[in-house]
Amino acid sequence: MSFFKLKNWKQTALNSDIELYGSSELQSYVENPHLNAPQNKVLLLIGGVHGDEPEGVVLAEHCLEWLKGQNLQNWLLIPCLNVDGYKNNKRTNSQGVDLNRNFPSKNWVHSPNQDRYYSGSSPGSEKETQAVIDLINAFQPRLIIHCHSWKPCIVLSGPEDMKEAQYLSESSGYEVVPDIGYPTPGSLSSYGWIDQKIPIICTEEQEHSDLSQTWPRFASGLKKVFQDNSDTDF
Ligand SMILES: [Zn+2]
């Protein structure tokens, strides 16, 4: 088998399991944090940061099904990060926190706790956020892609000419944009790209769209991204 599956890799505040999959050569590094994991090689894909955006979970799940039949290296995939939010079709996690405002970036700000963008009691306070931070600390991924839905676009927080964003744009027909049009302190993009120079791509599918169309739209682009990342010796 060319991939591993950790069904209870991490737990949420409500003790729900967060699953992690990856190419088999990476399993020992995930399970033994004291080993020196390969740096700047891994492609990490995350679905379900926002629980009310099923397009992102469906895309991650389809991508995973495809990856299981390949023999590619250097990848990790979380099908659904915000497990409790997803169960309840809620943007935030069980603590009312918008996980994409909870990363401990330099620009993290406190926001009102009834807010749709509630950033949490402190930077990185949430267990789901911490799970992603652990992977970032261990692997310093070469690229992180997280899958959302709102208005169709590919948000690139990284080098302007990054070919992976172009692949996803060509595949989906969605435009590459440098930001979402409003500030997102505490976002994965802030923490990853602004603070640590890890490129972050956020795919935004049309919200409330036909879920059967999301994978076909992104498939050719995502396949190229994962194949390139496996083949290239960075
Ligand atoms: Zn979202």
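The buried residues of helix α7 are covered by several parts of the chain, including β3 (43-47), α2 (54-68), β4 (75-78), α5 (163-172) and β8 (200-206). Keep in mind as you look around that this is a predicted model. Which residues of α7 are buried? They are T214, R217, F218, G221, L222, V225, F226 and N229. A general point helps in reading that list: an α-helix has 3.6 residues a turn, so residues three or four places apart point the same way.

Now follow α7 itself, from residue 214 to residue 231. How far apart should the ends of its 18 residues be? At 1.5 Å a residue the expected span is 26 Å, and the end C-alpha atoms are indeed 26 Å apart, so the two values agree. Still, α7 has a bend of about 40 degrees, which you can find at S220.

Let us turn to one of the elements that cover α7, the helix α2. Two packed helices are described by the angle between their axes and the distance between the axes. For α2 and α7, the axes come within 10 Å and cross at roughly 50 degrees. Because of that angle, α2 counts as oblique to α7. The crossing is right-handed. On the α2 side, E55, V58, L59, H62, C63, W66 and L67 make the contact, and they meet T214, W215, F218, L222, K223 and F226 of α7. Among these, F218 and L222 are also on the list of buried residues.

Next, visit two loops with something in common. Most residues other than glycine have a negative phi. N89, however, has a positive phi of about 55 degrees, although it is not a glycine. You will find N89 in the loop between α3 (83-87) and α4 (127-139). Is N89 buried or exposed? It is exposed, because just 10 other C-beta atoms lie within 10 Å, and a residue counts as exposed with 12 or fewer.

Further along, Q140 also has a positive phi, here about 40 degrees, and it is not a glycine either. Its place is the loop between α4 and β5 (143-150). Q140 counts as partly exposed because it has 17 C-beta neighbours inside 10 Å.

Our last stop is P178, in the loop between β7 (176-177) and α6 (188-196). With 10 C-beta neighbours inside 10 Å, P178 counts as exposed. Where does the chain come back towards this residue? Look at I201: 23 residues separate it from P178 along the chain, and the C-alpha atoms of the two are separated by 9.7 Å.

Key
Residues numbered from 1 in each chain as written. Predicted model: local features only at pLDDT ≥ 70, side-chain atom pairs only at ≥ 80, totals over all residues. Helix = DSSP H or I, 4+ residues; strand = E, 2+ residues; numbered from the N terminus. Buried ≥ 20, exposed ≤ 12 C-beta atoms within 10 Å, placed from the backbone. Expected span 1.5 Å × (residues − 1). Bend = angle between axes of the 7 residues up to and from the residue. Contact = placed C-beta atoms within 7 Å. Axes fitted to C-alpha atoms, helices over the stretch in contact; angles between N-to-C directions. Parallel < 35°, antiparallel > 145°, perpendicular 65-115°, else oblique. Left-handed = near helix turned anticlockwise from the far one by under 90°.
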